[in-house]
Amino acid sequence: MSLYNDASLAMIPSAVKDGKLYSIRPTDGSGDFTFSRGSNLAATRVDVNGLIEKGRENLFLQSPYLGNVVWGRNGTSITSGQSGYDGTSNAYKLTADGSTGSHYINQNLSTTGVTTASVYAKADGYNFLFIYRESRNTGYYYNLATGELGSPYAGGDIDATITSVGNGWYRCAFTFNHSGTSDVTFFIGDSDNNFTFTGDGTSGILLQHPQLESSLVATDYIETGASTAQAGITEDLPRLDYSGGASCPSLLLEPTRTNLVPQSEYILNGYYTVTSGTIITTNYGTSPEGLDNSSRLDSSNANGGWYTSGMSVSSGETYTCSIFAKLVSGSESDIVRFGFSLNGDKLSHYDISDGTINYSHPNLTTSIEDYGNGWYRLIQTLTTTSSGTLRQVFYSHNAAGDYEIYGNQVESNASYVSSYIPTYGSAVTRSEDSCSKTSATSLIGQSEGSFYIEINIDKLSLENRFILTLSNLAQSEGFFVRHRSSNELQFYSFGLTNNFDFRESIISGGTYKLAGAYKSGDVVFYVNGVQINTDTTIFSTPDLSVIRLGRSLSSATSLGGGINQALLFKTRLTNGELQALTQ
């Protein structure tokens, strides 16, 4: 504790907001980091409950304000102040007027790929709600008297659900796959499969909290106003990650990655070819994100499953693919075969009853990760040795198979797997995490100083990945701590007279505690309680004003793992103190 009290800066991941990572020392906020990632919701994390958390967005404007002019209406009047499902008075009554025709409320929006429209609804004179996507020309009826699904319109689409939330209220959701701009419409129905009738001017339905989102299922409601609104892992929110069942989070810092799979969760689309005798059920069970959006793959044939459309690749390129899989009770085959097809199948075999690798193909780097509740992430890395068409393959092994699957991913230029990037109709890129503190001269020891940083490198790779940078703003002089492509941990200086360079070879991922101290003529580096090297060379004193976690100024090779804590000291700690910190 005495060393902690001596720290000029202490970052233990605990509090964040969009664009900000808070340090717990100093206490006046002068040590807080600026954080950025990009302009989309591609990032995910594992939350404190062990579930994958995504970024979410309600695309409807002015929700719940259904009387706003952005909501078009026909054959209806609308009355606010109605008692809602949540105990508030912000529900609306949609009343069918005395005209003959359709009676509805709608909003014109552009969507891409798999989208779910939802609304809370209750009968109030009429018993049916009809949700319709105009340009898709599909929809579904919902019986608000019985709580049952009514008829599909034009064959329905991907899925429809009706869920009781009490007191006669139901959440009605309709999932479709469409790209373009058109109306999403909520009709009053006077009976199943009929939304054209003569209204009586007093009867209608109650509506509350409409939501439109890129998802296979409806998620928790997000209120909007004149613009859309987001929740979950938003664009510039630092990710406090609890992967592997951790009781305390780490700060997840990753490089730019793209999921090349256009539909990572919806298997029944043109990107996937399902083999004969295999049935895919969308939204079958509870996925690793805790929602009922897994797909069931039930194959009555041996070696049944699916393969994907191909992409052209050249020799020498590296790809990592991954998917989450779970055994359905009663499956004849516990073994799944998963991997790539490129001038012949290159598949490894996984036993998803116990999370072991049954066979690893010699051309693949194969691994498996336990995500709890019977779910495993199956991982493959392939460096191509020829040009051709690269496909993914997922099959049962020599017997009929019954599995749940979720979250398919292919990353290019990737020697290890990164966190899940959801896609709903096209490839998606997650930008690099950037975490830095500028104008930090008062926090960094100038003529002498020390650092301590605890990291979790989940995947060793052939990439240089930066851990901690102390430098001037131009990054022309200072100190780096990084993981080198040769699987070495390195502490070195740059831009000084008589630079030093300390390295320690490592052979596996995991947690590492690193500490170093610098002073002209007195430099030392410790890794996990062991002194790696010392140097007594006299060097010039750098100008240190910037702290960067997980990256350098210009590098796109972020840590690719988590930082558990980081401490800075403005003095050169003793070797005994550095050893104690890292043991």
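**Three sites in a predicted model**

E504 lies in strand β45, which spans residues 501–505. The structure described here is a predicted model. With a relative accessibility of 29%, E504 is classed as partly exposed, because that class covers values between 20% and 50%. Setting aside neighbours within four places in sequence, E504 has contacts with N487, E488, L489, V527 and I532. The C-alpha atom of E504 is 9.0 Å from that of F491, a residue 13 positions away along the chain.

H103 offers a second site. This residue sits in the loop that joins β11 (100–102) to β12 (104–111). Its relative accessible area is 0%, so H103 is buried, the limit for that class being under 20%. Which residues does H103 touch, not counting those up to four places away in sequence? They are N74, G75, T76, A96, D97, F186, F187, I188, F195, F197 and G199. For one of these, F197, a polar pairing can be given: the H103 side chain comes to 3.0 Å from the backbone oxygen of F197.

The third site is helix α2, residues 575–582, where the buried residues are L578, L581 and T582. These residues span an arc of only 85° around the axis, so they lie on the same side of α2. The general reason is that an α-helix has 3.6 residues a turn, so residues three or four places apart point the same way. The elements covering the buried residues of α2 include the helix α1 (2–6) and the strands β41 (448–457), β46 (510–519), β47 (523–527) and β50 (561–569). One of these strands, β47 (523–527), also contains V527, a contact of E504.

Notes: Residues are numbered from 1 along each chain as its sequence is written. This is a predicted model: local features need pLDDT of at least 70, side-chain atom pairs count only at pLDDT 80 or more; totals for chains, interfaces and linings use all residues. Side-chain values use heavy atoms; hydrogens and water are left out. Helices (H or I, at least four residues) and strands (E, at least two) are DSSP runs, numbered from the N terminus. Buried means under 20% relative accessible area, exposed over 50%, partly exposed in between (1.4 Å probe, protein chains only). A polar contact is a pair of N or O atoms within 3.5 Å; within protein, one must be able to donate a hydrogen and the other to accept it, and residues adjacent in sequence count only if both atoms are side-chain atoms. Contact means heavy atoms within 4.5 Å. The arc is that of the directions from the helix axis to the C-beta atoms.
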